[in-house]
Amino acid sequence: MAPIGTLHYLVVAAALFILGVIGVLTRRNVVIVLMSIELILNAVNLNLVAFSRLWGLHGQVFAIFVITDAAAEAAVGLGILIAFFRNKETVNVDEVDLLKW
Amino acid sequence: MQPVATTFFFYFLSGLTLLSGVFVIIRKNPVHSALALIFGLLAQAGLYLMLYAPFVAGVQIILYAGGIMVLFLFVIMLVNIERSQREEQFNKQWVVGLLAAVALGALFVVVYVKGKALFPYRIAQPIESSNTQQIGVMLYGQYMFAFEIASLLLLVAIIGAVVMAKKRI
Amino acid sequence: MLNYITSYLSSNTTPGQAGNVFWATVYILVVFGGISVAVMAMNWLERKALAHFQIRLGPMRVGPHGLLQPIADAIKLMTKEDIIPAEADKFVFWIAPLIILCASFAVYIVVPFGPTHAITDLNIGILFMLGVSSLSVLGVVMAGWASNSHYPLIGALRSSAQMVSYEVAMGMAVVSAVLMTSLHGLGPYGVGVGTSGTGTLSMIGIVQAQQEQHVWFLFKFFPLGFIAFGIFAIAMVAETNRAPFDLPEAESELTAGFHTEYSGLRWSLFMLGEYAAMIAVSSIAVTLWLGGWYRPFPNTLTGDTWDLVFSLFPALTFLTLAAIAFVGVRRMPKHPYFRVQTIGLAGFGAVLGLIGLILFAPPVRDRIQDIFWFVAKVAGFMYLYIWYRATFPRYRFDQLMKVGWKVLLPIGIGVLILTAILGVVL
C-alpha cells in the first residue's frame, strides 16, 4: 500500500463533506440538519489540518477558529430552534414557512 | 517520536468517521444521530493526532465532543421529538438533493485527479513536542485581532442564545 | 528476552514516546488492573470509614473486618437480573455506562506515576485529561434519556448541568497552575534565576517545572496557589457528583437520579466509572499542585541521609498496616466461630508484612519511590472525599449552581489575573 499522504486525508474530508451536504439537503428534522452542518464544518477542518502539515501551523490556528465559530453557530441555531418549537410544536423543516406568501 | 502502524490507524479512524457520518444522516432517531456524530468527532480527533496536531485534537475533544454535542443532546431532550419520529424522514426533493451532492462529489474527484501533483507524498514530520507553544505564539501574535473578534463573537452568541431560549424576555 | 526487558527498564522515556507497543500494552494492563483494585479498595474503605465516622462498625462479617465485602458485592451485582425498562431505547441504555467507563479510564493514559512511568506523555496532557473527563457528561445525559422515566431524566439534566458548570471553574484553576510552569525563579515568590522558561501542558513537564522551581505550586505566590488549589478541590468534588454536591444521585432526593433504572452489572459499571473519575481528578490535583511524584521537602532536606530516610517510607507504611492487622488479630473474639476470620486476618497481615520487607531491599526501594509518593498523595485525597461525605450536608441544586458560577468562577478568574500579574512583575 502506498504510504498515507495528504491526498488520503483530502479524500476523507471530501467524502465527509458530501455526506454533510446530503444530510442538509434531504433531511426533514431540523436537529439533524444542524448536525449535518457540523459534519460539513468538520470536513473543512480536516482539510485545513491536513494542509497545515505541509505548509506551516496557520491551518491549525484557522481550524481552532472554525471550531470556535461552530460552537457559537450551534448555540444560536439551537436557540432559534427552541424558540420556534415553542410556537409551532414541530421540528419539521418544511413547516418553517411563516414568511411564505 | 516514531509513528506506529500508520496505515492501519488511518484506515480504521477514517472508516469510523465516514461510517458515523452515514449514520448521522440515515437514522430516524435524533439521539442515535447525535451518538454517531460523537463517535465521528472522536475518530476525527484521532485523525488530527495522526496529522501531528495534538492541540487541535484536544480542542476538538473538549469543545466539539464535550461541549457542542452536550448542547445538542440537551436540546433533543427538551424538544419533544416522539411525534416526528413517526413521520417521513426524507424530504420531498430528496432526488434533486442527492443528484446535487453527487455532482459536487464528481467535481471533487476531477479536482483531485487533475491536481494530484500539488499534494506531495513525502512530507516532513513537524515537531510535535512544542505544538502548543507554537500555536500559542501565533494565536497571540499574528492572529491576535482574529482572536479578539472570536471572543466577541462568542459573547454575542451567548447573549443571543440566552435571549432566544428564555420564556419571557 | 531478559535483555529486552532490562534494556527497556533502564531507558528514560515513556512507552508512548518510544513508540513501543508491547510495553505500552503492559503499562496499560498494569494501570487498568491497579485502578480496578483501587476502586474495590475504595469501596471497602468508604463503607468502613463512613461507619466509623458515624460511630458504628460497618461490614464485619464477610471477611475479617469486611475485607471481602467488595468481592461479595461484585458477585451479587453480577448475578442479578438485568432489567431494562419497557419502551427504553435499548442501544442507548446499553451504551451509556460504557461511555462513562471509557471516558473515566481513558484519562489514565497521561497520568504520571513517575518521570518515565506514564503510558505516554502527550504534549497536551492536562488538556486531554480535562477534555476526556468531560465526555462522561454525555454518558450521564444518555443514561437519563434512555431510561424513559422522569426521575432519571431530571437527575440527568441536573447532574450534567452541574458537571458542565464546575468544569469551567476547574479550567480556570488549571490555567492558573499551568501559567506558573512558565516562570523563572525559585521558591514561592520566584526570586533568583531558575531554569524553566517555557510553559508546558504535559503532565510530566508540569511536575518537572515544580521541581525546577523548587516549590510545590500549592505554595507558589502564596496564597494564590493555595486559592487555585482550593477552587480545584471544590470543583473536582462537584464534578464527580460526590457529597456535598450529590443531589442528583442521593437516595432521599431523587431516588438515585440518572442511574435509577440501572440494576446489577450496569449499576456497578456506573460506580466503577464514578470512582475511577474520582481517582483521575485527584491525580490531576496532585500533579498540578502537590508536586506529583516528588517526596516532601526535596530541596530543603537534601543529602543522602535524608534520601535514605524518605526512601524507607513505603516499607514502613506496609509494616504499619501489617502491625494494625496483627493488633486486630489479637482483639478478635476467642470463639471457634471466629477461627476462620482470625486466620484470614493473620494471613492478610502476613502478606502486608512480606510486601513491606520486600520494599526494604535497595533495588526495589529506589524504583518504587516515585510511584509510592504519588499513590500516597492520591490516597490522601480519597480519604478526604470520604471525610467530606461523612461531614457535610448536601447542597440544594440552586445553591450548587450559584456556588459554581457566582463564587468559584469569579475567584478563579481573579486568581488567574493576579497570577499573571505577579508572574510578569516578579
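**Notebook: the contact of chains C and B, and A:His8**

I began with the contact, taken as heavy atoms within 4.5 Å, and found 31 residues from chain C and 30 residues from chain B in it. I note that this is a predicted model, where local features need pLDDT of at least 70, side-chain atom pairs count only at pLDDT 80 or more, and totals for chains, interfaces and linings use all residues. Residues are numbered from 1 along each chain as its sequence is written, and side-chain values use heavy atoms, with hydrogens and water left out.

I then looked up the buried area (the accessible area, with a 1.4 Å probe, that two parts lose on being put together, summed over both), which is about 2500 Å² between chain C and chain B, with 77% of it from carbon and sulfur atoms. Of the area that chain C buries against chain B, C:Asn123, C:Leu138 and C:Trp145 supply 24%, more than any other three residues.

Next I counted polar contacts (N or O atoms within 3.5 Å; within protein, one able to donate a hydrogen and the other to accept it, and residues adjacent in sequence counting only if both atoms are side-chain atoms), and four residue pairs, both at pLDDT 80 or more, make them between chain C and chain B.

I turned last to A:His8, which lies in helix α1 (residues 6–26) of chain A; helices here are DSSP runs (H or I, at least four residues), numbered from the N terminus. A:His8 counts as buried because its relative accessibility is 18%, the cut-off being under 20% relative accessible area with a 1.4 Å probe, protein chains only. The side chain of A:His8 reaches the backbone nitrogen of A:Gly5 at 3.1 Å.

Conventions:
Chains lettered and ligands numbered in written order. Helix = DSSP H or I, 4+ residues; strand = E, 2+ residues; numbered from the N terminus. Buried < 20%, exposed > 50% of the residue type's maximum accessible area, 1.4 Å probe, protein only.
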